[in-house]
Amino acid sequence: MLESLLAFTGAAFLIAMAPGPSTVVIMRQSMRSRRAGVLTTLGNEAGVVVWGVAAALGLSALLAASQLAYDALRIAGAAVLVYFGAKALWQARRGGPATQTPEFEAADVPVPGWRSFRLGLITNFANPKAGVFAVSFLPQFVPEGAPVLVTLIAFSVLWALIDLIWYSGVVWLVVAARRLFERPGARRRLEQVSGVVLVGLGIRLAAESR
């Protein structure tokens, strides 16, 4: 059991370190405030737990087995990422309070906690690969003879905690570097880069197969 736990922990850390849409969104929200970054991270980890529990209950297997279900979720997720990216680019182009959106407020405007949490959750759900990955990744580490359902749920929670540790470090680093982006021009450039990356990730998700 200990060997499986150590192997899972190492693999989960490597997965957490791989950049993706969640990384971009968490970094972007962390530029607003530490609180926004932390709550966005918590929303993302809630999504991780949901995918993991779904895998434990066999629901993610339906997503893995059904090409139609996978494609539908993939297109929907791509649309969400492109939407978020387009909003960021529009805000960077126009600037000012009039162009702020509920999820993406200006860097010096407090963001309601639920909006940050919701943004992290939606970003995580926008990636159907997380569901397919959960159903293919988690069962590999279940020791022989262990109760499958309980073990998979426990691994799902551990996966979220490891993710949380990694992204908490990301939030801390971004908050520490906020002074580099105090100028409006630097903030605008950050919005542009974030927008382009999110749109690019959305397009790539829409274009690729499993």
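Helix α8 (residues 148-176) contributes four residues, the largest share, to a nonpolar patch on the surface of this predicted model. The patch is formed by Leu57, Leu149, Ile153, Val157 and Leu161, which together have about 410 Å² of accessible area. Leu57 is located in helix α3 (residues 34-57). Its relative accessible area is 54%, and Leu57 is therefore classed as exposed, the threshold for that class being over 50%. An α-helix has 3.6 residues a turn, so residues three or four places apart point the same way.

The protein chain as a whole contains nine helices and zero strands. Its elements, read along the sequence, follow the pattern α-α-α-α-α-α-α-α-α. Of the 210 residues in the protein chain, 44% count as buried. The exposed area of the protein chain is about 10,600 Å², and 70% of this area is supplied by carbon and sulfur atoms. Among contacts in the protein chain with a separation of 6 or more, 81% are accounted for by residues 24 or more positions apart.

In the interior, the largest nonpolar core comprises 19 residues. Those with the most contacts inside this core are Phe8, Ala134, Phe137, Leu138, Phe141 and Trp159. At least two residues of the core are supplied by each of α1 (2-17), α3, α7 (129-137) and α8. Of these helices, α8 gives the most, with five residues. Helix α8 thus appears both in this core and in the surface patch. The surroundings of Phe8 were examined further. When neighbours within four places in sequence are left aside, Phe8 is in contact with Phe137, Leu138, Phe141, Phe155, Leu158 and Trp159. Another core, of eight residues, lies apart from the largest one; Phe84, Leu119, Leu198 and Leu201 are among its members.

Helix α2 (residues 21-32) was considered separately. This helix is mostly covered, with eleven of its twelve residues buried. The buried residues of α2 are Pro21, Ser22, Thr23, Val24, Val25, Ile26, Arg28, Gln29, Ser30, Met31 and Arg32. The length of α2 was also compared with expectation. Because the expected rise is 1.5 Å a residue, the twelve residues of α2 should span 16 Å, and the 17 Å between the C-alpha atoms at its ends agrees with this value.

How values were computed. Residues are numbered from 1 along each chain as its sequence is written. This is a predicted model: local features need pLDDT of at least 70, side-chain atom pairs count only at pLDDT 80 or more; totals for chains, interfaces and linings use all residues. Side-chain values use heavy atoms; hydrogens and water are left out. Patches are made of residues with over 30% relative accessible area and no salt bridge: like charges are joined within 9 Å, nonpolar side chains (Val, Leu, Ile, Met, Phe, Trp, Tyr) within 5 Å. Accessible areas come from the Shrake-Rupley method with a 1.4 Å probe; for residues, only the protein chains shown count as cover. A salt bridge is a side-chain nitrogen of Lys or Arg within 4 Å of a carboxyl oxygen of Asp or Glu. Buried means under 20% relative accessible area, exposed over 50%, partly exposed in between (1.4 Å probe, protein chains only). A nonpolar core is a set of buried Ala, Val, Leu, Ile, Met, Phe, Trp, Tyr and Cys residues joined through side-chain atoms within 4.5 Å. Contact means heavy atoms within 4.5 Å. The expected span of a helix is 1.5 Å times one less than its number of residues.
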